[in-house]
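Let us walk through this structure together, one piece at a time. Keep the sequence and the 3D view at hand as you read.

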Amino acid sequence: MTTDPPLLEASNVEFAYGDVTILRDVSVPVRSGAVTALIGPNGTGKTTLLRTLAGLQEPTGGSVVYHGPAAAREIGYLPQHPEFRPGFTVLETLAFYASLVGGGRDEAKAQLERVGLEDAATRRVEALSGGMTRLVGIAQATIGDPPLVALDEPASGLDPGMSKHVFTVADELAAAGTAVVVSSHDLELVERTADQVVVLDDGTVVERGVPAALCDRLGVESLEDVYEASITGDLSRVRVQGETA
Amino acid sequence: MTGTPRSVRDDDATTATDDETALEDSRSAARAPKPTRRIERIVGRELRTVSRTRTFVLLGAAFAAVLLGIAWVGGGVGAGYVPTIVDLLTPLELLVPIVAVAFGYRAILGDRRRGELDVLETYPIAPREHVLGVFVGRAVGLLGTVVVSLLLVGGAVVVGREEPFSRYASHAGADSPLLFARFVVLTALFALSILAVAIAISALVSGTRSALALSVVALVVVLVGLDLALVYGLASGYLGESSLVYALAVSPLSAYRGLVFETVVITAAGTGPQTASPVASLIGLAVWTIGSLAVATAAMNR
């Protein structure tokens, strides 16, 4: 797996909003058939990096290059707070997105079944709980079988069983050859699922590697220990990029 | 070093495993449809939104009721088509922009606020296709409201007219349903130009409050500001009297009013001074429509 060229390669990526630097010299290879997890404290640039990898914003420095196959949709994306146009059922919503890549209701149904939400197919999207909306968002992200799927905190707001299910879905996608990038605070599930972990702190990559290898290198027992050992500063305070406390 | 666009692609990256090859085959089965098909999808989505939004249905009913009331109370229904047009023209100059803005000011903003614009960016649909689809979808809803309401008024004239009418305006002074049809078409063009402005606003702003504020500003500019600017230009000598008929095309409202006078009212009356240049006015409305959609597309590309 690791000898193949990455599907997506972020090299020395910088991102800044005016004078406020969010990402500094971030290099991340994203490989097919693997789950790459971005972890780090709140406000450290995970969402910005994920959006940059998904092509939703241009980096102010460095490059993001897609080496993958031509596809109707190259990258699927789940926003951190997914929402859908009200007045439509879940199936109508997904069928609309599927129609943009040449699919239809059958593909929409298949993606709903994948996330275990087929019973909510006829429910209006505005009547869904937060967790169910997130599952619809994950189904949407996989519409068109994109070679790369970027999921921003896919398990946020879900109960433990559904969180586990979401990471299982990510694992299944990777097993089918898809490159999956997730940001998450659920370190236990990340440790169980991720093939590669990227630890971000203050807009830079402070650790990167296979979870077990990271534990060995730092001489710790778990990914949570890796996290605590890698992150500098007070873990109980939110780091606000560009602000000096 | 700046970021490399995502379109950079390594076509030689074909070191896929068997699993990846199989996956690629399934992906190739779901190729992106042609641009016209993609636009159709967006149009369909907008049409469903319009038809399922009670506010639009209520707005349409209120609009029709107001027009029928004005035509009835003003006596136009009994007098004929052209008197009805004269009765309706000024109210429509106010009401059509308001209804058009209501149909368009949140069209793209709603998707932006929900994060669906970001999601749509990962699908093979260009911003111009999205804007065009939104415009066409909302336009069908808006024209349904405006045209159906005016046709109801036209029907009321058919029923309520006290004297028999001539079908064709073959001579000066004749009243005719064809003149009314021309009025409906011109009103539809005016509505479309304002809808395009509203969609541009919805693409430019990031919040509902700013959309409302900018919509009010746009309405004031369209309904009052541009006319005042023309009056000022005429009073201060920047505009000559001979060029005024062309300058009116700068304002969509004046262009619409001028077109109605030139091609409907004066045609029926048979005489009168030239009030506008029909060609310049049509160009003016087209420029407002296309220009606004171009602004919306540029805003989506930000």
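**A guided walk through two chains**

Chain B contains 13 helices and zero strands; here helices (H or I, at least four residues) and strands (E, at least two) are DSSP runs, numbered from the N terminus. This is a predicted model, in which local features need pLDDT of at least 70 and side-chain atom pairs count only at pLDDT 80 or more, while totals for chains, interfaces and linings use all residues. Residues are numbered from 1 along each chain as its sequence is written, and chains are lettered from A and ligands numbered from 1 in the order in which they are written.

Let us stay with chain B for a moment. Of its 302 residues, 39% count as buried, a word that applies if 20 or more other C-beta atoms, placed from the backbone, lie within 10 Å of a residue's own (12 or fewer make it exposed, and anything in between partly exposed). Two residues are in contact if their C-beta atoms, placed from the backbone, lie within 7 Å. Among contacts in chain B between residues at least 6 apart in sequence, 78% join residues at least 24 apart.

A good place to start is helix α8 of chain B, residues 127-160, where Leu132(B) is found. Is Leu132(B) buried or exposed? Leu132(B) is buried, because 20 other C-beta atoms lie within 10 Å.

Now follow α8(B) to its neighbour. The axes of α8(B) and α9(B) come within 9 Å and cross at roughly 145°; such axes are lines fitted to C-alpha atoms, for helices over the stretch in contact, and angles run from 0 to 180 degrees between N-to-C directions. The crossing of α8(B) past α9(B) is right-handed, meaning that the near helix is turned clockwise from the far one by less than a right angle, where anticlockwise would make it left-handed. Among the residues that meet here are Phe135(B) and Leu142(B) in α8(B), and Phe180(B) and Leu192(B) in α9(B). The residues of this contact divide into 19 nonpolar, two polar and one charged. In that count, Ala, Val, Leu, Ile, Met, Phe, Trp, Tyr, Cys and Pro are nonpolar, Asp, Glu, Lys and Arg are charged, and the others, Gly among them, are polar.

Helix α9(B), residues 177-204, also packs with helix α10(B), residues 208-235, at an angle of about 150° and with their axes 10 Å apart. This crossing, too, is right-handed. Ile194(B) and Ile201(B) of α9(B) are among the residues making the contact, as are Leu214(B) and Val222(B) of α10(B). Eight residues of the contact are nonpolar, two are polar and none is charged.

Chain A brings us to sheets. Strands of a sheet pair through backbone hydrogen bonds, either parallel or antiparallel. For the pairings described here, two strands pair if DSSP finds at least two bridges between them. In chain A, six strands form an open sheet with mixed pairing, in the order β5-β6-β7-β3-β8-β9. Strands β5 (75-78) and β9 (204-209) of chain A stand at the edges with a single partner strand each, so one side of each is left without a neighbour in the sheet. On average, neighbouring strands of this sheet are turned by 15° against each other, direction ignored.

At one edge, β5(A) runs parallel to β6(A), residues 148-152, and four bridges join them. Leu78(A) has Leu151(A) as its bridge partner in β6(A). Helix α4(A), residues 130-141, lies across β5 and β6 of chain A and runs at about 170° to β5(A).

Further into the order comes β3(A), in which five of five residues are buried. Which residues cover its two faces? Val35(A), Ala37(A) and Ile39(A) are buried on one side, and Thr36(A) and Leu38(A) on the other. In general, the side chains of a regular strand alternate between the two faces of the sheet. β3(A) pairs in the parallel sense with β7(A), residues 179-183, over four bridges, and Ala37(A) has Val182(A) as its bridge partner there. With β8(A), β3(A) also pairs in the parallel sense over four bridges, and Ile39(A) stands opposite Val199(A).

Last comes a three-stranded open sheet of chain A, antiparallel and in the order β2-β1-β4.
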